[in-house]
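This report is meant to be read with the structure open beside it. It follows one strand and its neighbours, then the chain around them, and then a few places where the backbone deserves a closer look.

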Amino acid sequence: MHIDELERYWLIAVSVALGAFGAALLASVFIFRVQLPSPVARIDPAEINESAFAEPGLKDMGDNTYAALFVAQMWAFTPGEIRLPKGADVTFFVVSRDISHGFFIEQHNVNLMLLPGQIASATTRFNRPGTYRIICHEFCGPGHQNMVATIIVEDTEQSTAEEAAAE
Amino acid sequence: MQAVQPAPRRAPGISFPQLGMLTGERWLVGSHMVVALIALSFGLLLGPFQAFRRAPAFMEAFPQWEMPVFSYYYQALSIHGVMNALYFTTFFIVGFSYFVVQRSLERPLWNVRMAWVAFFSMFIGLGLVLYALLTNQASVLYTFYPPMIAHPSFYIGLVLLVVGTWLVTANILITYRGWRRDHPGERVPLAVYGTIANFVMWTVATVGVAIEILFMLLPASLGWIVNSDPQTARVLFWFFGHPLVYFWLLPAYVSWYTMLPKQTNSRLFSDPLGRIAFLMLMIFSVPVGVHHLFSDPGVSNVMKAVHTVFTFVVVIPSFLTAFNIGAVLERAGRQRGARSPLGWLARQDWGNPVVAAQISGMILFVAGGFSGLIHASLTLNIALHNTAWVVAHFHMTLAGAVILTFMSVLYWMIPLIRGRALWSRRAALAQVYTWLIGMLIFGHGMGAAGIAGSPRRTDMGAAAYVNPEAAFYLNSSAIGGLFLLISSILFFVNMIGTLAFSDQPVQEDAPIGTTGDPSSPLILERWGIWLGVILLLALFAWGPVLVEALDFVQGFTSPFYQPDIPVPLPFE
């Protein structure tokens, strides 16, 4: 089959470009350590209350690392708010009690689908003080647009200074 | 003495009128196109109002404003998605494919009665789905993931749509087989090659969604089963979901490869490479669907990486197309007097709506293709999954390249069906350019809002939060929406005008080729081999994903829910 010379060059250029994109992807995974959600464990939605998710919230694991357990349901996250010190490394474990939800933390590369029957997990570090929303980004019925929770990252040095000033 | 070469045996074909249609053809193709337009009118006109509703400035100015007719945002969104993406596309593609196959092969369909059975199956399906949607009993969006459950008529309607298309596949393939028997050793015309590739791909892919509907959703909506597994359902849906988008794209490529050269007085650069592109799209559309599941908790990273690699492979046929069609347009531009190396880009037939619509679609497709490549890169997807970026992407591809090309087809085909010229070329041109500008503004706005973290499929007008970084872009998207609303109205006015009021004779003929390039390898038409390749790839790429999603110990454990009631079904 005849392939025009120009077209051959074009195909080579396209392959090189795609190869470069692929290399960038490999770099993002192996050098920059971007982690995708991957299977953790299953959980029967009916048994959430008999599991560690019976008491969702923040668990201090020491050394400024935390495990954050969240339960999603129509149309709220539990807990609705967590407070973290600056620089905290947090591993989120999230389950859905009823239907599919989403778990998207603004500006922090946490983007999970929450599917009933599955535990979803992601890890991130909160370097900048501020308030960040957790947004449900998967349609889950008429209350979907109100399904948000809040993460408040506190500047610990500043708050210690304020406490000292108050004394 | 001259040796007498026996002429290749050709069965006497039907001859089709160039500026009109045969009666049976007119009824069959025309019915599909008119129903497609009805579905499109539901889908298209609801779109811009969602952009308005998501714009903070608009909601500040009109705080009490709600979606017209369907005040519930997600109902309007469901209608927009299902009517545009599932019903308009399918009716259009089936009608278009019948037209292309009959005219290119110069023979009637194998079984016209079966074609009508397929039509009525899809048509009744449309009625059932519309009933569920319009009565707010199927506000589950066009992806209808369980455990959310809709009215049974929604699922029955979808089954009837899919079953109808399977009959279409059979009809087209048997028609082709008849042609092949009468024309041994000849190459099938490229348009028919692309059409066959499309329906083979579609038929393989729909098996996934058919299993999902028949074994999970429909029995659940009838109360026969109480549990499902959402991860398994998403795997089955996206086995179907990515070939679905190529099912929309391939007919547009058929128009670009086989009709645009005639419409621009140019000629196709390479027919064999067009076939390679169609073949690659057909094969590699299957092992890529997990790129919709990068954020899913129940799919392993290995399979996510495998599907990313294949996604990069399936980009290649589109780059092949860019070269091939680029060469078509270069020749066209040079014939129109372009001298400088890139002058041909400007010297196109911008005053012909049929050509302008396709080139505008290509412009949007450049943005669509690259935005897709970006969020198919598995780590970048973390920043973009389920944000407005995704909406931008498929409004560049489906609502850009595909629909503008389908509109281009309608601009010459509706006149052929009606036997009258297009009602207004000027309105058609205005429609094309308002669409192009509107969709560029909308796409840019939604893409930027997505990067800023604005979620898709969310009624921002009623949301508990407004993202200040996204606000500007959501507002600019609404301006894009305004252009698109004007464009949509122009389109329907022109269609109704052509069907009802035009009194000029048809001017544009059917751009159909009836021969295939004899230099293309015949192995490209060994469909059995390629089907085997697809099935092997499907097994390799999807087998592990499905096995991982299924819970062989506990089975299905997630009860179903109605979208608006946070209590599991069945109610006590």
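In this predicted model, A:Ala88 stands opposite A:Phe126, a residue of strand β9 of chain A. That pair belongs to a longer arrangement, in which β6(A) and strand β9 (residues 118–126) of chain A run in the antiparallel sense and are joined over seven bridges. β6(A) also pairs with strand β3 (residues 65–73) of chain A, here in the parallel sense and over eight bridges, and A:Phe70 is found opposite A:Val94 of β6(A).

Why can strand β6 (residues 88–96) of chain A be called largely enclosed by the rest of the structure? Seven of its nine residues are buried, so the strand is largely enclosed. A:Val94 also has a place in the largest nonpolar core, which holds 240 residues, and together with B:Ala39 it touches the most other members of that core. Leaving aside residues up to four places away in sequence, B:Ala39 touches B:Met83, B:Tyr87, B:Phe88, B:Phe91 and B:Leu126.

Seen as a whole, chain A contains two helices and 11 strands. Its radius of gyration is 21 Å, well over the 15 Å that the globule rule gives for 167 residues, so chain A is more spread out than a compact globule. The C-alpha trace of chain A spans about 80 × 45 × 30 Å along its principal axes, and the chain is divided into domain 1 (1–34) and domain 2 (41–160), whose C-alpha centres lie 37 Å apart. Buried residues account for 35% of the 167 residues in chain A. When contacts in chain A between residues at least 6 apart in sequence are considered, 60% of them join residues at least 24 apart.

Some features of the backbone can be set side by side, and the table lists cis peptide bonds and positive phi angles with the loops concerned.

| Feature | Angle | Place |
|---|---|---|
| cis peptide bond, A:Met74 to A:Trp75 | omega near -5 degrees | A:Trp75 in the loop between β3 and β4 (76–78) of chain A |
| cis peptide bond, A:Thr78 to A:Pro79 | omega about -5 degrees | A:Pro79 in the loop between β4 and β5 (81–85) of chain A |
| positive phi, A:Asn64 | about 60 degrees | loop between β2 (57–60) and β3 of chain A |
| positive phi, B:Leu141 | about 65 degrees | loop between α4 (112–134) and α5 (152–182) of chain B |

Are the two residues with positive phi buried or partly exposed? A:Asn64 has 16 other C-beta atoms within 10 Å and is partly exposed, whereas B:Leu141 has 20 such atoms within 10 Å and is buried. Since a residue counts as buried once 20 or more other C-beta atoms lie within 10 Å of its own, B:Leu141 meets that cut-off with its 20.

A last place to examine is B:Ser502, which sits in the loop between α15 (468–500) and α16 (527–549) of chain B. With 19 other C-beta atoms within 10 Å, B:Ser502 is partly exposed. Although B:Ser502 and B:Ala421 are 81 residues apart along the chain, their C-alpha atoms are separated by 6.4 Å. Not counting residues up to four places away in sequence, the residues that B:Ser502 touches are B:Arg418, B:Arg420, B:Ala421, B:Leu422, B:Trp423 and B:Gly497.

Key. Residues numbered from 1 in each chain as written. Chains lettered and ligands numbered in written order. Predicted model: local features only at pLDDT ≥ 70, side-chain atom pairs only at ≥ 80, totals over all residues. Domains from an automatic or database assignment. Buried ≥ 20, exposed ≤ 12 C-beta atoms within 10 Å, placed from the backbone. Helix = DSSP H or I, 4+ residues; strand = E, 2+ residues; numbered from the N terminus. Pairing = 2+ DSSP bridges. Core = buried A, V, L, I, M, F, W, Y, C linked by C-beta atoms within 7 Å. Contact = placed C-beta atoms within 7 Å. Rg over C-alpha atoms; globule rule 2.2 N^0.38 Å.
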